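I opened this structure to look up a few things for my notes. The entries follow in the order I made them.

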Amino acid sequence: PAALAVNPGKVTWMMTGFGNERFDPAWSSSSSHDYGRIIHGFLVSSDVKDGVRVITPGIASKWELSSDGKTWALTIRKGVKFQDGTDLTAETVLWNLQNHYGPQAKEYNTSSISLAIAALITKMEQTGPDQVSLTTKSPIADFPITNSEAASSWIGVVLPKRATFGDGPEAKAYDRNPVGSGPMKLTKHVPVAQMTLERFADYYEQPKYGLPTDKRVNFTTLDLRLVPEEATRVAALRAGEADVAPVSLAAKKQIEAGGGRLVFGQEGVVFYVRLLGCHQPQFPCNKKAVRQALAYAINPEVMRDKLFGGPEVMQIKGWHTVTPSTIGYSPDLAPYPFDPNKARQLLAEAGYPGGK
């Protein structure tokens, strides 16, 4: 592959929040995704192929499942480096799995996903120089997906090994000087104000480490600025003081008048009635026809166009959290069409004529 051309310049990105500004996903808040994913490398990566997101090798070059579905064996890529030059090894990966899924994790881990997996773990061990395995009471078929960058959480990142588990002095010291294996290294952190990151040239997502695509960033510095007020972000964009910032549709004309543009990830969105408690027979929605009637009674196009800005902003495709950027998406996943007559018919069949 041709050598990657790297621009010496800086990208300034304004953000609405930094979360709790912690760098271990075991106790970070959701907003920590924004910088945590940039600093750290993932056990399993992902890519878009033929319009569908799929998981691909990352720090783990291979994963295999035993015939009974209860043991995952992970082969760790050789040569991966942390940003301080130290080696990322199978021993490092085992420590991270223990940090998230070990029996002690319930004492400090704030991730419901981690705790659910931890309850099923029976054994985690290093089985070779470049291999680790974990065994569970019952199969966890989506373990590679859960620990990939395609997951909604970022528990799949690999941190340097610490001497202890838990939210103790070592964990807090790590927050002051986080070292990852991701595409950019944190070089400056002013709490509740700024994070500056520099390009990591030895990031493992490149042909040098046996991967087909060079995913290193092609600029030198990323400056993350905490700016909660939208008016300030808009003014900074128009003045050229920021390159990227989240803004609302209400600011669209101002941004465009200043020479900027709004970029949308046309994520799939589903408008639906929250069917809480419908597993209980005393509620009308326990009947399938009632649930379908509620779905036919929603007009998602009108809700999208009147409330959220129209098809430029989002597409009405997918199912719940299964959308075009997630694993498991299919373009055939479409919501029920708006059909009030069908809704009335279904309610009548369910024993509620007139919808009463």
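**Salt bridges**

I began with Asp-223, which is buried, its relative accessible area being 2%. The model is predicted, so I read every value here as computed from it. Which residue forms a salt bridge with Asp-223? I found Arg-225 there, with the closest N and O atoms 2.8 Å apart. Arg-225 is partly exposed, at 31% relative accessible area.

I then looked up Asp-214 and Arg-216, whose side chains meet in a salt bridge of 2.7 Å, N to O. Here Asp-214 is partly exposed, with 25% relative accessible area. Arg-216 has 18%, and because buried means under 20%, I entered Arg-216 as buried.

For Lys-81 and Asp-87 I noted a side-chain salt bridge of 2.4 Å, N to O. Is each partner buried or partly exposed? Asp-87 is partly exposed at 46% relative accessibility, and Lys-81 is partly exposed at 26%.

I also noted a network of salt bridges that links Arg-22, Asp-167, Lys-172 and Asp-175. For the whole structure I wrote down 16 salt bridges.

**Sheet and helix**

Next I traced an open sheet of four strands, with antiparallel pairing and the order E4-E5-E7-E6. Which strands stand at its edges? They are strand E4 (60-65) and strand E6 (121-128); each has a single partner strand, so one side of each is left without a neighbour in the sheet. Direction ignored, neighbouring strands of this sheet are turned by 15° against each other on average.

I looked at the pairing of E6 with strand E7 (residues 131-136) in particular. The two run antiparallel and are joined by six bridges. As one position to check, I took Lys-123, whose bridge partner in E7 is Thr-135.

What lies across E6 and E7? I found helix H2 (residues 90-101), which also lies across strand E5 (71-76). H2 runs at about 175° to E6.

**Surface patch**

Last, I looked up a nonpolar patch on the surface, formed by Val-273, Leu-275 and Leu-294. Together these residues have about 190 Å² of accessible area. I placed Val-273 in the loop between helix H7 (252-257) and helix H8 (288-296). Val-273 counts as partly exposed because its relative accessibility is 34%.

Note on methods: Residues are numbered from 1 along each chain as its sequence is written. This is a predicted model: local features need pLDDT of at least 70, side-chain atom pairs count only at pLDDT 80 or more; totals for chains, interfaces and linings use all residues. Side-chain values use heavy atoms; hydrogens and water are left out. Patches are made of residues with over 30% relative accessible area and no salt bridge: like charges are joined within 9 Å, nonpolar side chains (Val, Leu, Ile, Met, Phe, Trp, Tyr) within 5 Å. Accessible areas come from the Shrake-Rupley method with a 1.4 Å probe; for residues, only the protein chains shown count as cover. A salt bridge is a side-chain nitrogen of Lys or Arg within 4 Å of a carboxyl oxygen of Asp or Glu. Buried means under 20% relative accessible area, exposed over 50%, partly exposed in between (1.4 Å probe, protein chains only). Two strands pair if DSSP finds at least two bridges between them. Axes are lines fitted to C-alpha atoms, for helices over the stretch in contact, and angles run from 0 to 180 degrees between N-to-C directions. Contact means heavy atoms within 4.5 Å.
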